[in-house]
Amino acid sequence: MNILILGSGGREHAFAWKIAQSPHCDELYVAPGNAGTAQIATNLLFSYNDFEATAKAITDFKIKLVIVGPEEPLVNGIVDFLKARPEFARVKIVGPDHLGAQLEGSKDFSKNFMTKYAIPTATSRTFTSETLEEGLSFLESHTLPVVLKADGLAAGKGVIIAESIATAKTAMNDMLVEAKFGDAGNKVVVEQFLRGIELSVFVLTDGVNYKILPEAKDYKRIGEKDTGPNTGGMGAVSPVVFADENFLRKVENKIVKPTLAGLQAEGIRYVGFIFIGLMNVKGEPYVIEYNARMGDPETEVVLPRIQSDFVTLLLAAADQKLAESDFIISPQTAVTTVVVSGGYPDAYEKGKKITELERIEDVLVFHAGTTTNGNGEVLSNGGRVLTLTALANSLEGAVNKSQKAAATVQFEGKYYRKDIGLDLIRYND
């Protein structure tokens, strides 16, 4: 069958890399893709938010399976748009509809959902510009640190952990009055700070049945030792040493099952991925957030550990046959290091020539923000430029290989964290 992936980042390159290996895949298309996907698929140069162009591509290229990578088109309702077209009745789509995508699209919706279905999470309250004074007053008596989250999509940057009441008040004012995050900040969720270790668990569901994919831990802050502002993610590791069988059983029973039961009770037929961001608090899992898609850069360490045919798994989800499907997970450790443009996550320059890629050996190079020029040279085209994934029989081995690759690749102003995975090595010790 012909398959279309929507998206342009490292996650979509990893999807393309895995899907291209499947005997089910005849022709593979990525919209808009990047310089990496162009090496294994046909890039279609339209935005993943262009629904009409997506529909035209499905028709023109006889697409039978669509995978929606990013959250924005899901929240904007691309699945609803495609399913409303009678000519696409036989097209299989992996991704939730608009209502299901509200798990990610609205922090307020997801917090209310978790409360309603007794899913462990931090206590919270939501405020708007109309209740700004009440919110500021609420902050004065809140324990520190306190977490403030923009309600809508903010590209992974809409979370502020305030260490002082003054900082918290400024953050609330920035979101609700100054519109720092645009419409995403029309509501602000004020949340209890949970102390523990973060990780993510990924679920693929057909609406009733589910499969739990390999877990991962990502590194969100720009600076080493988790300092500085949040980014879209600076690296990831899978498996996670503290996520033992007992802990993951708690995740399944206390979070995964109630989440799916809640979606069904709400009449939401959810087909696709659920990313569950967790905090391990003294051995107990608490949900920090839901995402309605796979994570980036977590996908780049999860997919390389799935040894079975990935398209078979996607088709089973789309056909409501996940109960009949299974997959094999590699026991190896995967580590990815993200190489970013200088200045990211704030202002950064594009168009920097990338060299030395041919010198990288035994490491998967996933392109995130790249393009090519007329001479076939690879150029930077985003904040996160490359994700370099290594597999090894030990965490130390995978870290060393990934870091060596990050040191090898060159472009002006490049930056990467040199401590990816080191906290887990220390934890293991």
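**Exercise 1. Find which elements the buried residues of helix α5 pack against, and which residues these are.**

Solution. The buried residues of α5 pack against three helices and a strand: α3 (71-75), α6 (107-116), α9 (245-265) and β17 (284-291). The model used here is predicted. Next, look at how much of the helix is covered. Helix α5 spans residues 98-105, and 6 of its 8 residues are buried. Those residues are Gly-100, Ala-101, Gln-102, Leu-103, Glu-104 and Gly-105.

**Exercise 2. Decide why Lys-107 has no salt bridge, and list what Lys-107 touches.**

Solution. Start with the location: Lys-107 lies in helix α6. Lys-107 is buried. Now look for a partner. The nearest side chain of opposite charge belongs to Glu-289, 4.5 Å away. A salt bridge requires a side-chain nitrogen of Lys or Arg within 4 Å of a carboxyl oxygen of Asp or Glu, so Lys-107 has none. Last, list the contacts. Leaving aside residues up to four places away in sequence, Lys-107 touches Lys-149, Ala-150, Asp-151, Gly-152, Val-189 and Glu-289.

**Exercise 3. Give the strand order of the open sheet with parallel pairing, and find its edges.**

Solution. The sheet has 5 strands, in the order β3-β2-β1-β4-β5. At its edges stand β3 (42-43) and β5 (92-94); each has a single partner strand, so one side of each is left without a neighbour in the sheet. Then examine one pair. Strand β4 (residues 63-68) runs parallel to β5, and 3 bridges join them. In this pair Val-66 stands opposite Ile-93 of β5. Finally, find a helix on the sheet. Helix α1 (residues 10-19) packs there and touches β1 (2-7), β2 (28-32) and β4. The direction of α1 makes about 165° with that of β1.

**Exercise 4. Describe the open sheet of 4 strands and two helices that pack on it.**

Solution. The strand order is β6-β9-β7-β8, with antiparallel pairing. The edge strands are β6 (124-128) and β8 (159-162); each has a single partner strand, so one side of each lacks a neighbour in the sheet. On average, neighbouring strands of this sheet are turned by 20° against each other, direction ignored. For β6 and β9 (residues 187-192), 5 bridges join the antiparallel strands. One bridge partner is Val-188 in β9, which pairs with Phe-127. Now add the helices. Helix α6 touches β6, β7 (146-150) and β9, and its direction makes about 45° with that of β9. Helix α8 (residues 165-176) touches β6, β7, β8 and β9, and its direction makes about 5° with that of β7.

Technical notes:
Residues are numbered from 1 along each chain as its sequence is written. This is a predicted model: local features need pLDDT of at least 70, side-chain atom pairs count only at pLDDT 80 or more; totals for chains, interfaces and linings use all residues. Side-chain values use heavy atoms; hydrogens and water are left out. Two strands pair if DSSP finds at least two bridges between them. Contact means heavy atoms within 4.5 Å. Axes are lines fitted to C-alpha atoms, for helices over the stretch in contact, and angles run from 0 to 180 degrees between N-to-C directions. Buried means under 20% relative accessible area, exposed over 50%, partly exposed in between (1.4 Å probe, protein chains only). Lys and Arg count as positive and Asp and Glu as negative; His and the chain ends are not counted.
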